[in-house]
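Trainee: Could we take a close look at one part of this model, the place where the two chains meet? I would like a connected walk through it, please.

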Number of protein chains: 2
Amino acid sequence: MSSESVTIYDIASEAGVSIATVSRVLRGEANVSEATRKKVQDVIDRRNYRPSSIARGLTSKTTHSLGIILPKLLNPHYAMIFTGAQEEARKLGYTMSLFPWSSLDTREYNPAAMLAERRLDGLIVCVEYLPPDHDVQVLSALHDLRQYMPVVLIGCVPPSYDFPAITNNSAAMMQEVVRYLTGLGHERIAFIGGVEEDRDPLRRDVGYENGLKDARLPYTASYRIYCKGTTEAGSAALNQMLDSLKPEYWPTAVIALNDLVAMGCMAAARDRGLSIPDQLSVIGCDNLFCAPYLYPPLTSINTYQQRTGARAVQLLISGENKQETADWELVERASCARLKP
Amino acid sequence: MSSESVTIYDIASEAGVSIATVSRVLRGEANVSEATRKKVQDVIDRRNYRPSSIARGLTSKTTHSLGIILPKLLNPHYAMIFTGAQEEARKLGYTMSLFPWSSLDTREYNPAAMLAERRLDGLIVCVEYLPPDHDVQVLSALHDLRQYMPVVLIGCVPPSYDFPAITNNSAAMMQEVVRYLTGLGHERIAFIGGVEEDRDPLRRDVGYENGLKDARLPYTASYRIYCKGTTEAGSAALNQMLDSLKPEYWPTAVIALNDLVAMGCMAAARDRGLSIPDQLSVIGCDNLFCAPYLYPPLTSINTYQQRTGARAVQLLISGENKQETADWELVERASCARLKP
DNA sequence: CTTTATACTGTAAGCGCTATCATAAACAAG
DNA sequence: CTTGTTTATGATAGCGCTTACAGTATAAAG
């Protein structure tokens, strides 16, 4: 906020050298005599000079800044991804900017223009589901962006889009979760949350059904409810399911799309006087920080989101065009119990 | 990722005009005939041209990007601040980058250099407490940054630092909380979390003590424990307090620095078989998204963090040098109850 | 004491824009 | 018709760096 910012010329003239020499010491180049290096460095320190990364960027064609697009930072799941990505970026000398999903929404003011104009060195996009058909422009916006910068995806990659990505093996996770619940004796297992099968490239439905098949259990449509990944939606969905079923057909266990939905289910169950896990087991996904502090502590799936974020940055920087799968781990707490006969 | 990026020269020559004219239509300047405007715009669209914001920044001295420094995005409290700030920034055409607190830590590699080099148009810094004495360099780093860009503070402003800021009226909040609890009949009220008085410019201690004074209750040192603002620290602190006191002197209510600490306290209490709120009332602060879903739902204080973040951006952009106080509101849930005689 | 590396250091041409002039064309007024 | 205005456009000088490329000493070699 002070006077005029000091430039490389100021340093050069004050040190009695050319700007090229200043640039050399700035970048720690070899061919500079120790004497002048010190002389120049002293002036730099004294004037508190910092080279402008933007001027630097003009020539070097690189901004050392990355971007990340995600749906909602208020969901700690994304905050974890962001944090992992941000920390890794920082280690590598990059800066990380956040863009909300609407940045890709073509119907809004200037679609991806803002993104394209900032010459980012790379972009991470968290895509959870395929957008509805009438919204394919979002996908094409995504595609266009690649013209300007490398992008890596986190979550899922739309079919026929060949992006580097970190995805979750959600089908396997679902299958394992069903196995876990059937192992506890459950037979009426509900799955709440998410979108229709054809919009979920992660094929959770396949895992769910395979899990049931493994235990020779039938797939029951009324145990499957689609809803958004929020607590409110989770409550509403469970209520709707229980309302539509006679109590003797109520599920004894529910798999929630994520921990938020699980929290909603737990609240709804409690409001109805159902005790968890005695009358209803609940399992979530994401292993949010609050999962251990819920009542009862929520069994969930740790998907190592920070590691995922960090890995995405590595892919971005290294330029590798490969798709990897994130690790995951079922973490048992008290929200699931053996079915009482 | 494609060939070479297209520049203003490409557009100019392809449209048969000078770069000055292209620049004019780019910026929607007046003095361009409708005919050439269309001609140029067509080429721009066809070539999918986006002006480089970095080249633009070199001349205009403005990057249209802001930064925010905060301790930990994983605490939803900060995620809310960030979200509010980010959304407001976006509305105003700015981009928002996150920097972790260590960006200010001089002992690390290059102190605030990274920040200074990116010619941000402004910086928001969340500072909760004064750093320990031996860490005053952090404060001076903060001060130095003002040489490069305007900064506004969120949280508290260190004495003798004249920054624009949004602060919380924490003393008043504390006093009101104590009043609320004494109103419920509590007399042994603990306060857990935070730092020593002389490092807390928000003077929570004053509010706490005034609240006690209002009810003619004595201040009891053993009801005051300092700890970090995490769930683990909250658990440990409550356990420590209860361990050191005979049960008949145990507090009947605890005020937690924030919801994380409150969650920790609730978990610790439950582990000891104390029922909340019957045997121990708990109140938090920040009103995190999970507060209503805890058991029992946590009474807390909504401090409108998103609004705070947005307002900080407004101060930054407008350049007003004023300090404002955030609104707040006690939101009653089930974790505090009238003391049973 | 020339010749030829070797080690520094300076000159100058951009990078892709914005912004200031200058110029040209088209009109209005005298 | 001049002269003065207005409107549309082009030339051009930076912005603050990086980066060939071009010197100029100084040292090693012949």
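Mentor: Happily! Let us begin with a term: a salt bridge is a side-chain nitrogen of Lys or Arg within 4 Å of a carboxyl oxygen of Asp or Glu. By that rule, the interface of chain A and chain B has 0 salt bridges.

A word on the source: this is a predicted model, in which local features need pLDDT of at least 70 and side-chain atom pairs count only at pLDDT 80 or more, while totals for chains, interfaces and linings use all residues. Residues are numbered from 1 along each chain as its sequence is written, chains are lettered from A and ligands numbered from 1 in the order in which they are written, and side-chain values use heavy atoms, with hydrogens and water left out.

Now to polar contacts, meaning pairs of N or O atoms within 3.5 Å; within protein, one must be able to donate a hydrogen and the other to accept it, and residues adjacent in sequence count only if both atoms are side-chain atoms. Between chain A and chain B, 21 residue pairs are in polar contact, both residues being at pLDDT 80 or more.

On the chain A side, the elements giving two or more residues to the surface that touches chain B include helix 5 (76-91), helix 10 (231-244) and helix 11 (259-271) of chain A; helices (H or I, at least four residues) and strands (E, at least two) are DSSP runs, numbered from the N terminus. Helix 5 of chain A gives the most, with 7 residues.

Counting contacts (heavy atoms within 4.5 Å), 63 residues of chain A meet 63 residues of chain B. Together the chains bury about 5,500 Å², with 57% of that from carbon and sulfur atoms; buried area is the accessible area (1.4 Å probe) that two parts lose on being put together, summed over both. Ile54(A), Arg90(A) and Tyr293(A) supply 14% of the area that chain A buries against chain B, more than any other three residues.

Residues from both chains also line the largest cavity: of its 22 lining residues, Ser65(A), Arg118(A), Thr63(B), Ser65(B) and Arg118(B) lie nearest its centre. A cavity is a set of points on a 1 Å grid over the protein atoms alone where a 1.4 Å probe fits but cannot get out, and lining residues have an atom within 4 Å of a point. Helix 4 (53-60) and strand 2 (95-100) of chain A, together with helix 4 (53-60) and strand 2 (95-100) of chain B, each give two or more residues to this lining.

Key. 1 Å grid on protein atoms, 1.4 Å probe; cavity = no way out; pocket = protein on both sides within 12 Å on 5 of 7 lines; lining within 4 Å.
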